[in-house]
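Here is a protein with a ligand, and we'll take a relaxed walk through it. Have a look at the sequence and the picture before reading on.

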Amino acid sequence: MKPHGPIPPGYSADSDGMLTIGGDRADALADFAGDTPLFVYDSAMIAARVAEWRAAMPTDMQLHYAMKANPYAPLLAFMAALVDGFDVASGGELRAALASGMAAADVSFAGPGKRDRELEAAITAGATINLESRGEAERALSIASHLGLTPRLAVRVNPDFDLKGSGMKMGGGAKPFGVDAADAAALVRDVLDAGADWRGFHIFAGSQALDASAIAETQRQTVALAGRLAEEVGATPPLVNLGGGMGVPYFPGDMPVDVIAVGEALAETLAARDRALTDSRFAMELGRWLVAETGVYLTRIVDRKVSHGETFLVTDGGLHHQLAASGNFGTVIRRNYPIAVARAFGRDPIETVSVVGCLCTPLDRLGDQVALPRADVGDLIALFQAGAYGASASPASFLGQGAARETLV
Ligand SMILES: *Cc1c(COP(=O)(O)O)cnc(C)c1O
């Protein structure tokens, strides 16, 4: 038997033992959707996450949603009313953000390799471009001058530090992201001299960290760096986007981020900030922390079989929808995501099984030798932490199985 990650708080069973999501039974949600597999996102949980963050952070902090975590349109529309901005990373995400009802002025566009037509779309809409290089700055300025518009430009800085303990490092050393800290002030001067509307700095050092003190230390370094750069530029950045980094517990032994501790440390960091940042506003951009726990992937058992003494539950889902849960999205060692039998949610396990998907590849394993209550053909398996980097971050075309259904409740 191998352990699985902790079931996120807030999920419970009805009197029959059936998992409920947002007050609805999992089996009823699947029936209503018409078929499985199905991603269910719980809007009340999303609102609660945002409220928890706001309660913990200094009052004037802004919260941005990094929409690559989950770009499902109804979720974006719901989120648009809750957060202060969207961070997008492609022309397609820019369109989705604008369609969601978020004001263009509250959308910022980061990401390497922005094409001219994507820069043009952002400038025309009035979104902020987080510049990733000098070359991109020159292209944006020339496109804006052809359009006769004043572009809103921020400079993304590649910091000389990274987020300790983060699952994905986005700063420190040679990176395709941002302008090296040593070159950032000169680029800002040139952007200002060109008459652009300079929006400030974007500094993103890493993602999926659980340790509050590591996040706090990175934020301290980030604010210090922004202060040094502002002094060097000789102007106040209107906004300093501190990046995100707050992760969620996927695996056995993972503990949730102590958000209160992050907020307290950030209040101290901001109180001690450089004078050049006195009038700056600050934002955090979060993806997975806001939505991962609010999503459940429901997949139905199609076959139950035994091979060499190991029981397999074969489902109609798989890595084509939940690549990360299969261990094939940036993880070194495969470990089990939180998993449950929907019909017997919270019941004691009685057998050890492997839950696999329907793809004809040994990579397609959603639960490896996990202890679960008895489950049979037709039962639903629930995979948790499915609200971020699930449907949109998995190869839905692989093996011709097609996309999963999605619903926001
Ligand atoms: C991916 C990304 C995020 C979100 O990261 P999470 O781990 O989902 O919070 C934020 N900012 C930038 C620039 C990103 O690329």
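What follows covers the ligand, the aromatic rings, and then a few residues that deserve a second look.

This is a predicted model, where local features need pLDDT of at least 70 and side-chain atom pairs count only at pLDDT 80 or more, while totals for chains, interfaces and linings use all residues. Residues are numbered from 1 along each chain as its sequence is written, and side-chain values use heavy atoms, with hydrogens and water left out.

**The ligand**

How many residues surround the ligand? There are 12 of them, and the closest are Lys68, Ser207, Glu285, Arg288 and Tyr389. A residue is near a molecule if one of its heavy atoms lies within 4 Å of it. The shell divides into 5 nonpolar, 3 polar and 4 charged residues. For that sorting, Ala, Val, Leu, Ile, Met, Phe, Trp, Tyr, Cys and Pro count as nonpolar, Asp, Glu, Lys and Arg as charged, and the others, Gly among them, as polar.

The table lists polar contacts of the ligand, meaning pairs of N or O atoms within 3.5 Å; within protein, one must be able to donate a hydrogen and the other to accept it, and residues adjacent in sequence count only if both atoms are side-chain atoms.

| Residue | Part that meets a ligand oxygen | Distance |
|---|---|---|
| Lys68 | N or O atom in the side chain | 2.8 Å |
| Ser207 | N or O atom in the side chain | 2.7 Å |
| Gly287 | polar backbone atom | 2.9 Å |

Taken alone, the ligand exposes 380 Å², and the protein buries 92% of that. Accessible areas come from the Shrake-Rupley method with a 1.4 Å probe; for residues, only the protein chains shown count as cover.

**Rings and charges**

Rings of Phe, Tyr and Trp (its six-membered ring) pair if their centres lie within 6.5 Å; planes under 30 degrees apart count as stacked, over 60 as edge-to-face and the rest as tilted. By this rule the count comes to 11 aromatic pairs. One of them is tilted: Phe329 and Tyr389, with 6.5 Å centre to centre and 35° between the planes. Phe329 sits in the loop between β17 (310-315) and β18 (339-341), and Tyr389 in the loop between β21 (380-383) and β22 (405-408), so the pair ties together parts 60 residues apart in sequence. Helices (H or I, at least four residues) and strands (E, at least two) are DSSP runs, numbered from the N terminus.

Are these two rings buried or exposed? Phe329 is partly exposed at 34% relative accessible area, whereas Tyr389 counts as buried at 12%. Buried means under 20%, exposed over 50%, and partly exposed in between (1.4 Å probe, protein chains only).

Elsewhere, ring pairs link Phe39, Tyr41, Tyr72 and Tyr297 into a cluster. Also, the charged end of Arg49 sits over the ring of Trp289, 4.0 Å from its centre. That label needs NZ of Lys or CZ of Arg within 6 Å of the ring centre and within 35 degrees of the ring normal.

**Backbone oddities**

A cis peptide bond, with omega about 0°, joins Thr36 and Pro37. His308 has a positive phi of about 50° although it is not a glycine, and at 86% relative accessibility His308 counts as exposed. Gln385 has a positive phi too, near 55°, but Gln385 counts as buried at 1%.
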